[in-house]
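Reader: I keep meeting words such as "buried" and "edge strand". Could you go through them with me on one example?

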Amino acid sequence: MRCHHSRNATNAIAVTRPWPHDRDHRACRVITLHCQPTGERATEIWLGAGAATALARRAVGRRGFALIDDAVANNQHLELSTTTFHQQLVRGGEHLKTLTTAEAILRAMVNANCDRGSVLLAIGGGSVGDLGGFCASLFARGIELWHAPTSMLSMVDSSVGGKTAVNLPEGKNLIGTVHPATLVAIDPAFVRSEPETGFRSGLAEAIKMGLGLDAELFALLERQSALVLQRDDELITDVVHRSLAAKIAVIEQDPRETGRRRLLNLGHTLGHALEAVLEGRTRHGICVARGLWFALDVARELSSMSKAELARAEQLLRRYGFERTALPSIASLMTFLAHDKKVIGNVVHFALPTGIGRSEPRAIELSQLAKILSQG
Ligand SMILES: NC(=O)c1ccc[n+]([C@@H]2O[C@H](COP(=O)([O-])OP(=O)(O)OC[C@H]3O[C@@H](n4cnc5c(N)ncnc54)[C@H](O)[C@@H]3O)[C@@H](O)[C@H]2O)c1
């Protein structure tokens with residue numbers, strides 16, 4: 001797919017035709033979900049082939065600043081033209097999430113004459129979304145934010161919930177705000193050009209939602225694995241829809257992350273520690289998938305799942321190419337695990353799978369987790 005916009009002809013993005021493009025003229029299915037966890041700002045989510053076109057229509061007549069992942073602009077057929085949205089291309093990836101980049105973006109927004117009435121539109125994966133959301137929350141004490149997520153991870157997870165972040169040399173996501181988007185337009189066509197590892201990293205988060213929260217999503221991922229892996233528009237839409245619905249139900253019940261929201265951390269206790277030990281060389285979702293294997297080991301040890309359910313869960317992970325890979329030394333993992341924000345004293349608030357589509361928060365001693373790790 002080629003990019004048909006001219007970067008030097010204009011510094012604006014507006015949409016004159018269906019966007020990203022009218023590839024297959026399929027009837028557009030736009031699903032609207034409302035996510036309003038704190039009672040302040042609702043997030044409207046449009047989902048399905050054609051969602052980006054609908055976003056483009058909404059953009060007409062609005063002033064704004066579009067932060068666009070360069071790789072997306074290069075791989076997708078974006079029809080960009082005139083006037084209302086200033087267009088800022090950035091190279092997506094973790095390196096983008098710094099205070100220095102945020103300052104550069106905020107200054108570019110001033111130079112583009114953005115004001116309190118402007119909207120910031122982030123078109124990209126989680127890194128562009130996190131940076132864009134951070135800048136939107138700071139500019140003029142907070143302006144409206146729209147997301148057009150382009151990676152599987154940003155579709156199933158990061159574009160909804162309002163967390164924004166940049167990194168410090170001392171650690172990932174240490175600086176951030178909560179600033180939910182008012183509009184999230186999810187067009188499954190975008191994931192077609194996403195590199196394979198990133199796509200699978202996002203799928204791991206969908207598997208997590210299925211295993212921990214939604215048995216129907218789990219069954220869909222089982223039944224339709226071939227089409228999901230082929231990135232079929234309809235299947236991607238279904239998987240994203242169910243994943244977001246599960247996430248939204250949890251954050252609406254627990255906006256302050258004191259109870260049920262911890263279930264979204266299924267697979268993340270070991271996943272985060274592994275990511276830290278590997279110093280970010282392995283993508284987040286790939287580490288989470290290994291963390292899901294570990295969560296199943298803990299479930300086996302504590303008999304919280306039947307043998308048949310454990311076998312089903314392990315089979316699903318394998319079907320998506322997530323093997324039980326060898327881990328780095330237990331000592332190195334335990335060092336990071338002990339400093340996890342889910343640890344209080346010697347106890348971890350662990351998201352424990354208790355069946356297919358079921359999980360519960362369980363306080364588990366660090367020493368018991370170390371023992372289970374040493375058995376695996
Ligand atoms: N805010 C939240 O709630 C939340 C939740 C989970 C993760 N995150 C954050 O999300 C980030 C990871 O996001 P990600 O997995 O989307 O990766 P990413 O945004 O870092 O992008 C990874 C690579 O994929 C490319 N890319 C993205 N979409 C593409 C497309 N459609 N076609 C071609 N290339 C494409 C990017 O250019 C980049 O090179 C991390 O920084 C993580 O901390 C945030």
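**What the words rest on**

Author: Let's begin with Asn173, which sits in strand E9 (residues 171-175). Helices (H or I, at least four residues) and strands (E, at least two) are DSSP runs, numbered from the N terminus. Residue numbers start from 1 along each chain, following the sequence as written. Keep in mind that this model is predicted: local features need pLDDT of at least 70, side-chain atom pairs count only at pLDDT 80 or more, and totals for chains, interfaces and linings use all residues.

Reader: Why is Asn173 called partly exposed?

Author: Count its neighbours: 13 other C-beta atoms lie within 10 Å of Asn173. With C-beta atoms placed from the backbone, 20 or more others within 10 Å makes a residue buried, 12 or fewer makes it exposed, and anything in between is partly exposed. So Asn173, with 13, is partly exposed.

Reader: And what makes its phi worth a mention?

Author: Phi of Asn173 is positive, near 55°, and the residue isn't a glycine. Most residues other than glycine have a negative phi. Glu279 is also a non-glycine with a positive phi, about 50°. Glu279 lies in the loop between helix H10 (268-277) and helix H11 (284-301).

Reader: Is Glu279 buried or exposed, and how do you know?

Author: Exposed: Glu279 has 7 C-beta neighbours inside 10 Å, so it falls in the "12 or fewer" group.

Reader: What about H11: is it mostly covered or mostly open?

Author: Mostly covered, as 14 of its 18 residues are buried. You can check its length too. The expected span of a helix is 1.5 Å times one less than its number of residues. For the 18 residues of H11 that comes to 26 Å, and the end C-alpha atoms are 26 Å apart, so the two agree. Just after H11, Ser303 takes a positive phi of about 55°.

Reader: How do you know that the buried residues of helix H7 are on the same side?

Author: In H7 (residues 215-223), the buried ones are Leu217, Phe218 and Leu221. They cover an arc of only 105° around the axis, so they share a side of H7. That arc is taken from the directions from the helix axis to the C-beta atoms. An α-helix has 3.6 residues a turn, so residues three or four places apart point the same way. Their cover includes helix H6 (196-213), helix H8 (225-229), helix H9 (233-253) and helix H12 (307-319).

Reader: Why are strand E11 and strand E13 called edge strands?

Author: The open sheet has 3 strands in the order E11-E12-E13, paired antiparallel. Two strands pair if DSSP finds at least two bridges between them. E11 (343-344) and strand E12 (residues 347-355) have 2 bridges, while E12 and E13 have 8. E11 and E13 (358-365) each pair on one side only, and that makes them edges. Val343 stands opposite Val348 in E12, and Ala351 opposite Pro361 in E13.

Reader: What makes a residue part of the shell around the ligand?

Author: Its C-beta atom, placed from the backbone, must lie within 6 Å of the molecule. The shell has 31 residues, with Gly92, Gly125, Gly126, Ser151 and Ser158 coming nearest.

Reader: How many of the shell residues are polar?

Author: 17 are polar, with 7 nonpolar and 7 charged. Here Ala, Val, Leu, Ile, Met, Phe, Trp, Tyr, Cys and Pro count as nonpolar, Asp, Glu, Lys and Arg as charged, and the others, Gly among them, as polar.

Notes:
Contact = placed C-beta atoms within 7 Å.
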